Amino acid sequence: MNDRQPSPDCKASVEAKAERQEPLRAGAALGMVGNVKPVVLASLGLAAVLGTVGFVFAKVDFNAGTSNLSFPLPSSQPLPAHASSKSSPAERLIQTEIDGHTPEGQLILAYQHLARGNETQAFSTAEQLVQRQPDFALAQLLYGDLLLARSGRPEAATQVPQAGAASGAAAVAAASSIEGLRAEAKLRLAALVERPPHNALPRQLLNLTPGVRHAVVVDTSHARLYLFENGADGLKLLRDSYVSIGKLGTGKLQEGDQRTPLGIYHVGVRRDEAAARYGAAALPLNYPSEYDRVLGRGGSSIWLHGERAGNYARGPQSTDGCIVLSNDEMRSLADIVAARETPVVIVEKIEWVDRKLALKAPADNGFEQAYQAWQQARLSQDAVSLRGFYEPGLERGSDSTAARLDANLARMAKQELPVQRLERLSSLPWPDAPGVKIVTYRELSPGGGAPKLKRQYWREKDGHWTIFFDGLVS
């Protein structure tokens, strides 16, 4: 985990003129009366979302992400009763209820004020935010752009420094930093407009049992992390957060490729000792998993962690592969999730499934039959039947190496390894390989003592399910 990219210093340093300019008005898009300054809205990223309702802005094209939307679920509160699923992106942005107590919520409130055409409120909100969170680069950029608007130079907000003989690498770095902040703004705003239905779940979480208290899903294309809580009524979305991923995107294959892996992982024991580098909290992920190893994927030290001191958040693609949250979001996440048991599903884009339809969906009968047969054989210590479930030549895992498996099966043949109960916590399909499943379970012995937490990797070959890893979770 070598996230050593310097923190961008994009704080605005523009002096505001004493005389106030006419307020910015985006309200024209909603049929309001006002003086629209689209060049400023374009620079703020707001136009990326409002572009579908009549504005035309340079260097902004987010219509592909919003034109086919059919649902408007807000972040933590339902839309007002009058809000229609067919409402425009601008209307959805304005109508979404925001928790203004967090820095991100305060930032979005400023954008909402702009969408309503209230520049005064937007300016005041942004000013309070930069005073509260001076290391929030995007907030500084928003505040600086609003200062430019008030100074009578709104066009300067879209002027990105150009590389030249005098400026060279410094101008390139500045331009890259500013473009990264524009991208961050668009993704934060789009998270309010492109919302999943309130009754939907990610497909990968459909088979979680109540024994798994929380689950995390990361949508890398939208730079968003979703935290779900599991209870008597099933899974519900607790919160979602903006995240940063690898500089070169996703699909990690080897050490140092600056990519974030895609797949299903589990959080390890919380690590807070390196706060200067990894922020308020850090949760290692078990990358490479056993399936990654089968596929020949390498690398190490992929974590969920906070931001280093002096920088509230990063650009969408700015890490060396880790998934990075702001410190307040990361601290809250780390305080909730259970080590070794909480799954983290990392995908390019979440496939949302209506939970009512999901309940009616046919189960994977082939796998279920295989798992139930394995479970019964293990409970009865049927060594002959058990051997048929394990692939030959296994070399990893405390229970699934060839030598250890032979020893355990020999003891089971003598009824020397009894199990009182096997409690399956989850059965999760690998995102792009439904023929691979990851099962986490607890093994309770009749003699008492602490339950053993174990994990299996199953795969289907020619219609038969076999185990290629079965071992203790460290």
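How do the residues of the lining of the largest cavity divide into nonpolar, polar and charged? In this predicted model, that lining comprises 3 nonpolar, 2 polar and 3 charged residues. The residues concerned are Glu 104, Arg 188, Ser 241, Tyr 242, Tyr 312, Ala 313, Ser 326 and Glu 329. The volume enclosed by the largest cavity is about 50 Å³, and the model contains 2 cavities of 30 Å³ or more.

The second largest cavity holds about 40 Å³ of space. Its lining consists of Leu 225, Leu 227, Arg 239, Ser 241, Leu 325, Glu 329 and Leu 333. Two or more of these residues are contributed by each of strand E3 (224–231), strand E4 (234–242) and helix H11 (327–336). By class, the lining of the second largest cavity has 4 nonpolar, 1 polar and 2 charged residues. Ser 241 and Glu 329 appear in the lining of the largest cavity and also in that of the second largest cavity.

The packing of two helices was also examined. Helix H5 (residues 103–116) packs with helix H6 (residues 119–132) at an angle of about 160°, the axes lying 7 Å apart. Because angles over 145 degrees count as roughly antiparallel, H5 is roughly antiparallel to H6. The crossing of the two helices is left-handed. On the H5 side, the contact is made by Pro 103, Gln 106, Leu 107, Leu 109, Ala 110, His 113 and Leu 114. H6 contributes Glu 119, Gln 121, Ala 122, Thr 125, Ala 126, Gln 128, Leu 129 and Arg 132. The residues of this contact comprise 8 nonpolar, 5 polar and 2 charged.

Key:
Residues numbered from 1 in each chain as written. Predicted model: local features only at pLDDT ≥ 70, side-chain atom pairs only at ≥ 80, totals over all residues. Heavy atoms only, no water. Axes fitted to C-alpha atoms, helices over the stretch in contact; angles between N-to-C directions. Helix = DSSP H or I, 4+ residues; strand = E, 2+ residues; numbered from the N terminus. Parallel < 35°, antiparallel > 145°, perpendicular 65-115°, else oblique. Left-handed = near helix turned anticlockwise from the far one by under 90°. Contact = heavy atoms within 4.5 Å. Nonpolar A, V, L, I, M, F, W, Y, C, P; charged D, E, K, R; others polar. 1 Å grid on protein atoms, 1.4 Å probe; cavity = no way out; pocket = protein on both sides within 12 Å on 5 of 7 lines; lining within 4 Å. Points joined across faces, edges and corners; volume = space filled by probe spheres on them.
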